[in-house]
Each structure stands twice: as C-alpha cells, then as structure tokens.
Amino acid sequence: MDPSLVKIPPMKDLTAENITENVITINSLCEDERMKYVLERLVTHLHDFARETRLSSDEWMTGLRFLTEVGQICTDVRQEFILLSDVLVSITPNPPGSTEGTVLGPFHTHDAEEMPAGDSMSHDPKGEPLLVVCNLRDTNGKPIEGVKIDIWETDSSGHYDVQYAGREGPDGRCIMRSDKEGVFWFKAITSRAIPDSA
C-alpha cells in the first residue's frame with residue numbers, strides 16, 4: 001500500500017494522556033468492523049494495564065525479552081506463539097454443551113497427509129498399538145459430516161516428529177474427515193509424555 005494514499009484522520013499532539021485515543025483513531029482506518037473493534041479493545045486494555053501497573057523500563061524489557069525468546073524458538077514446523085496464545089483461548093467461553101476449545105500448539109504442522117478412516121498415522125514400530133474411534137456432534141446431538149480434523153501425537157519416546165533434526169516428512173500425524181455419521185477413526189500408538197529435556 002502506498003502510504004501517500006492513506007488519509008490519516010486528524011490526530012492530537014501526542015501525550016501520555018491521549019496516546020490511547022490517537023492509536024484508536026489510527027486503527028479506525030481498518031475496514032473490517034470486527035477487527036477494528038478487537039484492535040480498539042486490545043489497545044485500550046493494554047494501555048490501561050501499563051498505566052495501572054506503572055511498568056518500569058526493566059519490566060518492559062523483561063516482557064520484550066520473553067516474547068523475543070518465544071519467537072526465536074519458532075520454526076516453520078514449530079509455532080510457540082500458538083502455544084502461548086492458549087492462555088487466552090482457555091478463558092474464551094464455549095457454547096453450552098460444547099467441547100472445550102484449544103489451539104493447534106507448537107508441534108502442529110501443515111504438511112500432514114489426509115488419510116481415509118482406518119489408516120495408521122504412526123510408523124513407529126516400538127509404539128503400543130492404539131485404535132481411536134471418535135464422533136462429532138453438534139450441541140443438539142446431530143452428527144456433523146465432513147469436518148476436517150488435524151491429529152498429531154508423540155512417538156514411543158515421547159517426541160514429536162518435528163523434534164528430530166533429520167525429519168524428512170510427517171509421522172504421527174494426519175488429517176481426517178468425519179463421515180455422514182460424524183465418525184472418524186484411525187490407528188495410532190499410545191502417546192508418551194514429552195521428556196523434560198525436550
């Protein structure tokens with residue numbers, strides 16, 4: 001976008017007292033009404049947090065270092081910011097009677113293969129075989145057909161495939177779709193906890 005084509009709304013001379021108002025004014029250029037609202041609330045709460053806690057420069061830098069370190073751990077196949085965002089998803093209310101929401105997590109990838117029902121998603125010969133049968137239903141108990149489901153698990157040593165330096169492709173992960181009865185099923189192995197050294 002050419003900055004010269006952006007018509008900036010009238011702004012106040014920036015002060016600590018009007019910075020929130022100015023940022024909201026800039027964000028009002030967002031064409032998506034929902035995103036405009038989300039940005040307005042985010043800025044308001046973050047600015048109020050900074051004012052309420054009277055953050056020191058050292059405290060501010062601690063937060064920045066934390067976020068920097070989270071970003072440095074991220075790779076194309078390991079997204080730590082998604083895991084960090086789980087603290088927000090976990091407090092977002094779900095519709096009554098629905099399954100608790102979650103996030104993709106740092107070990108989700110976008111290279112998992114779509115498999116038909118009954119296929120095996122793990123090639124780990126040391127794993128204890130496991131059959132998983134699931135069904136999806138709406139809050140009224142009606143089956144939900146054609147839902148895309150991302151599935152992934154650790155191997156018999158407690159590691160995800162993306163934790164191996166020589167990873168050549170996906171293993172212990174797949175994509176499935178629910179059938180007309182809302183059912184999907186697959187063969188896997190019994191998952192193990194991630195070792196503390198991971």
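This passage looks at helix H2 and the residue that comes just after it in a predicted model.

Start with the helix itself. H2 takes in residues 33-53, 21 residues in total. At 1.5 Å a residue, a helix of that length should span 30 Å, and the end C-alpha atoms of H2 do sit 30 Å apart, so expectation and model agree. At the N-terminal end, Asp32 acts as the cap: one of its side-chain oxygens lies 2.9 Å from the backbone nitrogen of Arg34.

What about the sides of the helix? Val43, Thr44 and His47 are buried in H2. Looking down the axis of H2, the buried residues fall within an arc of 100°, so they line one face of the helix. Part of the cover over these buried residues comes from helix H1, residues 19-27. Turned away from that buried side is a face carrying Arg34 and Glu52, both exposed. Arg34 thus turns up twice, with its backbone nitrogen facing the Asp32 cap and its place on the exposed side of H2.

Then comes the far end. Just after H2, Arg54 takes a positive phi of about 50°. Most residues other than glycine have a negative phi, and the positive value at Arg54 is in a residue other than glycine. Arg54 belongs to the loop that runs between H2 and helix H3, residues 57-73. Is Arg54 buried or exposed there? With a relative accessible area of 71%, against a cut-off of over 50%, Arg54 counts as exposed.

How values were computed: Residues are numbered from 1 along each chain as its sequence is written. This is a predicted model: local features need pLDDT of at least 70, side-chain atom pairs count only at pLDDT 80 or more; totals for chains, interfaces and linings use all residues. Side-chain values use heavy atoms; hydrogens and water are left out. Helices (H or I, at least four residues) and strands (E, at least two) are DSSP runs, numbered from the N terminus. The expected span of a helix is 1.5 Å times one less than its number of residues. Buried means under 20% relative accessible area, exposed over 50%, partly exposed in between (1.4 Å probe, protein chains only). The arc is that of the directions from the helix axis to the C-beta atoms. Contact means heavy atoms within 4.5 Å. A polar contact is a pair of N or O atoms within 3.5 Å; within protein, one must be able to donate a hydrogen and the other to accept it, and residues adjacent in sequence count only if both atoms are side-chain atoms.
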